[in-house]
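I sat down with this model today and kept notes as I went. Here is what I looked at.

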Amino acid sequence: MSDDLYDLNGLAASLQAALDQELAAGGADVDAPPVELDLPARPEHGDVTTNAAMVTARRAGRAPRDLAEALGARWMAGAGAGVCERFEVAGPGFLNLFLDDAWYRGALDRLLAEGADYGRGVLPAARRLKMNVEFVSVNPTGPLHVGHARYASYGDALCRILAFVGHDVTREFYVNDYGTQMTRFGQSLAARYGQRLGLDTQVPDEGYQGAYLLELADDLIAAVGDRYRDALVAIAPDVTALPVDVLAEIKLWGRDAILAQFRATLERLRVPFDVWTPESTLYEGEDESGHRGFGGEVGKSLADLDGESLLYEKEGAVWLSTTRYGDDKDRVLIRQTGDPTYFLSDIAYHRDKMDRGFEHMIDIWGADHHGYVPRMKAAFTALPPHDPDRLELIIGQLVNLLESGEARRMSKRRGDIVTVDDLIEAIGVDAARFLLVGRSHDTTLDLDIDLAVQQNNQNPVYYVQYAHARICSILRNLPEGAGPEGAAVPAVPVGPHERALLRALARFPEVLLAAADQRAPHRLHGYLGELAAEFHVFYRHCRVLSDDADTTAFRAGVCRAVRTTLATGLGLLGVEAPEAM
RNA sequence: GCCCUCGUAGCUCAGUGGAUAGAGCACAGGUUUCCUAAACCUGGUGUCGAAGGUUCGAUUCCUUCCGGGGGCACCA
């Protein structure tokens, strides 16, 4: 990836070469495991350290400390000569490197040359995949709430990171616009619509009670007037008796209205999607297989599964033998009533994604779908090419909304919810995005609205943004000719705070890789906090606008590199990097 | 009952097969003739839930147990 020594990969590669030589010279016919570098917390452990000798010693048949000594000497006699002052062997066999100022200046030079592309494409070409990431994917029956904001923020940040490191990423929203819940939604909307027209139509017990449906009903009246009045009068107050064609129209209108709200809200939250796939379209198309009356992707899926001899009928329903692939019990695909289950749709949906050529699929689901994982995995494995590793199911945990430290419960049907729009209104997009990806996705997150509203230093997003704004301010104050972007780095001594900052910058690519591989945007979140802290310390101790032109130019270069990295990192989390605060 | 997940400082949580396990908050005190004080500096506590196992080395990997949360529909 790098062809010189001025980043951690380059250093590691040169140490690897030295280690291979050392092993060959010792006559040992062994492959050394990859050399990994760490940045020790303690200065006495050097600038960079590696445990390569310890992990290689056994298979090389050498004592760890002896091997470390030999590796250090060999490397210093070659590649290390120009960038490293000295090395030490410590503890059970660590090799600690004490790098020269020259290495740090070279590192800065590289950073400035890479600019906004620093960290881009760190994933080796062989590991890059055509990926589909599906997230949010809520059924269009009501506003997005705080939990969805978390999945949206997490999913979006993950997509941005995956794409940045080198994957080909398609972001997809699956619209569950089919089935029982949509029927209840349509009935609830019809009831509210009737009420607005003065009828006594009742929202069904199992329906959606939220006040937002009253507003939607007003919009529906504005759109179609009293077109459905007669139909409602005929069945009032029981909307479940509504004729199917009327219900279908109202349902469809409601779906589109809610979807329009989703788009608007997600746009505000800076979460774009490439593809919106409605569940209902999976049923569209001729029944080419002639299979059980279902066409489209659903029909194809049924044919595939039947071909695997995994379908059977029992008690009037059609079952899939998911137990054959590790599920607890078999699952129904087609109900006694002849209606398909959500599960069947989902199977067809994943088949469709494979048809579209994705090498890897990630679904991000809410915690309430937890128990659904084994059956989905089983069904996916049952479909050609029978490769469970191509589907990755990520379960996101919930958000506890706190107000003044008190938990606030939410229920969509009851209508007692805090919407994403409310959240953005209350704390702003930047704070929301930053806080929502601050924790690992698999742990419950407490979000204290009162705390997040405070625009002070308790709010971690400002800490990072402030570092960026401060740098911008410094660079605005630079005198003419203090060194253009990317100018040669002057040969000045590199102080401890500058070194610390440059080491922090050097970690960025591996942080991105870890965040991508572990599906963990919070790794980046944590890193940005550390980088900002390192900058604030530097700022306090190293004056950029100094009497010495070379020092000014060098430190301005460091500032530029930090600014770029902060901006890149914040951007990957969907947070703005302000030039002034 | 079965499955998943979490258990780390007073609180909220990071992290890791390596050398003395971290951050923020909270608490106390200090820093500004100087590029943004939304900042910096100084104060300290941990049986890394428990017990076994693998390893040169385990908080990290494996097993069992305990505790919190979630899930176990012909809903989505």
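My entries on the RNA surface, one loop residue and a sheet follow.

**Ground rules.** I am working with a predicted model, where local features need pLDDT of at least 70, side-chain atom pairs count only at pLDDT 80 or more, and totals for chains, interfaces and linings use all residues. Residues are numbered from 1 along each chain as its sequence is written, while chains are lettered from A and ligands numbered from 1 in the order in which they are written.

**RNA strand B.** I counted a residue as near if its C-beta atom, placed from the backbone, lies within 6 Å of the strand. There are 65 residues around RNA strand B, and Gly-179, Arg-335, Tyr-342, Gly-371 and Ser-473 come nearest. Elements giving two or more residues include helix 2 (52–60) and helix 15 (460–476); helices (H or I, at least four residues) and strands (E, at least two) are DSSP runs, numbered from the N terminus. Helix 18 gives the most, with nine residues.

**Ala-482.** I found Ala-482 in the loop between helix 15 and helix 16 (496–506). Buried or exposed, or in between? Ala-482 is partly exposed, because 16 other C-beta atoms lie within 10 Å; 20 or more would make a residue buried and 12 or fewer exposed, with C-beta atoms placed from the backbone. I also noted that Ala-482 and His-536 are 54 residues apart in sequence and 22 Å apart in space, C-alpha to C-alpha.

**The sheet.** I traced an open sheet of four strands in the order 1-2-4-3, with antiparallel pairing; strands pair if DSSP finds at least two bridges between them. Strand 3 and strand 4 pair over six bridges.
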